[in-house]
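Student: I should like a close look at one part of this model, the largest cavity. What is its volume, and which residues lie closest to its centre? Please then follow the surrounding elements outward from there.

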Amino acid sequence: MNNTLFLQALRGENRSGRPPVWLMRQAGRYMPAYRALREKHSFLELCHDPSLITKVTLLPIQEFGFDAAIIFSDILLIAEAFGLSLRFEEGVGPIIDPPVRSHADVAKLKGRSLLPTLSCVLEGIRLFKKESSVPLIGFAGAPFTIASYLIEGGSFSGLKYTTEWVERDPASFQALVDLIADYTAAYINLQIEAGIDAVQLFDSWAHLLQPDIFSRFGAGSIKRVLTQLKTCPVILFCRGPEPYYEILSGLQPAGLSIGWDTSMVALRKSLGQGIALQGNLDPNILLTNTSTVKRETLKLLKSMQGDPRFICNLGHGILPATPVENVHAFVECVHS
Ligand code: 1CP
């Protein structure tokens, strides 16, 4: 563990010869200690209790010595602040009720307070900062991704209702993503005040939009968030392909988190040196065995060798079936 590398890499100042490393979803179901806690508490109980938030956030730091922590929470908690009901069903995923489907539904989301609903997250951040000096990443969903969950009513296999809405009434869809952007900016500003060192915005479903539609509603709403933020390095996550990263880099975040099917070496050439690149091992590699993990991790490290703005991570969240010894092999490979 090294408490300076992550923030140095975001500023382009990491000359240590090794990149910082952390994993998206690093506190999660692949960890036996997490599964043991889940025997006693539902996922939302964990998300609502500041001392459990701190405890779960620390689990992967203690076990693997990651160079950054990410606050244990979920991008969908904001649905509760909108007055919607959120639940996670085993084998189904998240369910948001009632779904947001019309202009009239958007009006109902206006004028809400993020507190006290999200104060558990802020208290979790403050507690973590008292207990640990590891850099802490706060996060939120990007407005388009949050909008699509609210509209579809939870997990989805396609953007049926979202796409219909964009086609039928782009102006009221714009009003929805703008509204979410304003709440998201306010929420991140509260996280910054509570003590986070960096923030990651997850636009997990952006790649389902055509690039021109993404430019308008996806990147446009992220820009609206960024212009309202207090000072804090921002990492933008999406799953590519390349044109999406080019659009996002135009918003001048501190860093971009890259999906595993995009070449970071090519992106470094096309985007220049002024932005941190985070990623991008295929999470499926971590399902294999320690020798494959070492070989593929070394390949990634060599391809980005000496890059002062490289943050080693996966191309998407770690999978629940990942063997713990493979995560150890991955982190040891980066650290040595
Ligand atoms: O059963 C369980 O224990 C819950 C599993 C779980 C966990 C551990 C969910 C349900 N969310 C999380 C935590 C979580 N979610 C973190 C925690 C910090 C970390 O350790 O990294 C983060 C950053 C998220 C973000 C998140 N939640 C995203 C964006 C990132 C991504 O993976 O693209 C998304 C899309 C979600 C929604 C979500 N949360 C959980 C589920 C099952 C889903 C739905 C996914 C889907 O729609 O298919």
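The largest cavity and its surroundings

Tutor: The largest cavity has a volume of about 70 Å³, and the structure holds one cavity of 30 Å³ or more. This is a predicted model, in which local features need pLDDT of at least 70 and side-chain atom pairs pLDDT 80 or more, while totals for chains, interfaces and linings use all residues. Residues are numbered from 1 along each chain as its sequence is written, and side-chain values use heavy atoms, without hydrogens or water.

A cavity is a set of points on a 1 Å grid over the protein atoms alone where a 1.4 Å probe fits but cannot get out; a pocket is an open set with protein on both sides within 12 Å along at least five of seven lines; lining residues have an atom within 4 Å of a point. Points are joined across faces, edges and corners, and the volume is the space filled by probe spheres set on them.

Thirteen residues line the largest cavity, and D74, I75, F139, A140 and Y187 are the closest to its centre. Two elements, β4 (136–141) and α10 (170–194), give two or more residues to this lining; helices (H or I, at least four residues) and strands (E, at least two) are DSSP runs, numbered from the N terminus. By class, the lining of the largest cavity comprises eight nonpolar residues, four polar ones and one charged one. Here Ala, Val, Leu, Ile, Met, Phe, Trp, Tyr, Cys and Pro count as nonpolar, Asp, Glu, Lys and Arg as charged, and the others, Gly among them, as polar.

Helix α10 also contains I188. I188 counts as buried because its relative accessibility is 0% (buried is under 20%, exposed over 50%, partly exposed in between, with a 1.4 Å probe and protein chains only). Apart from neighbours within four places in sequence, I188 is in contact (heavy atoms within 4.5 Å) with A140, V199, L201, V225 and L229. One of these partners, A140, is among the residues closest to the centre of the largest cavity. From I188 to S155 the separation is 33 residues in sequence and 24 Å in space, C-alpha to C-alpha.

Strand β4 belongs to an open sheet of seven strands, ordered β1-β4-β5-β6-β7-β8-β9 and paired in parallel (a pair needs at least two DSSP bridges). At the edges stand β1 (69–70) and β9 (310–314); each has a single partner strand, so one side of each is left without a neighbour in the sheet. Further along the order, β6 (residues 234–237) and β7 (residues 255–257) are joined in parallel by three bridges, and I235 has G255 in β7 as its bridge partner.

After β5 (198–202), the loop leading to α11 (211–226) holds S204. S204 counts as buried because its relative accessibility is 11%. Beyond its neighbours within four places in sequence, S204 is in contact with T145, F237 and R239.

D74 leads from the largest cavity to the largest pocket, since one of the cavity's closest residues is D74, and the largest pocket, lined by 42 residues, has D74 nearest its centre together with R25, R29, F43 and F88. The volume of the largest pocket is about 1,300 Å³. Two or more lining residues of the largest pocket come from each of α2 (32–40), α3 (43–48), β2 and β3. The lining of the largest pocket has 24 nonpolar, 11 polar and seven charged residues.

Two of those contributors, β2 (residues 85–89) and β3 (residues 93–97), run antiparallel and are joined by five bridges. Within this pair, I96 in β3 stands opposite L86. The two strands form a hairpin with three residues between them, and G91 in the turn has a positive phi of about 80 degrees.

The second largest pocket has a volume of about 260 Å³. Its lining takes in 17 residues, with G17, R18, P19, L301 and Q305 the closest to its centre. At least two lining residues of the second largest pocket come from α14 (290–303) and at least two from α15 (324–335); α14 gives the most, with three.
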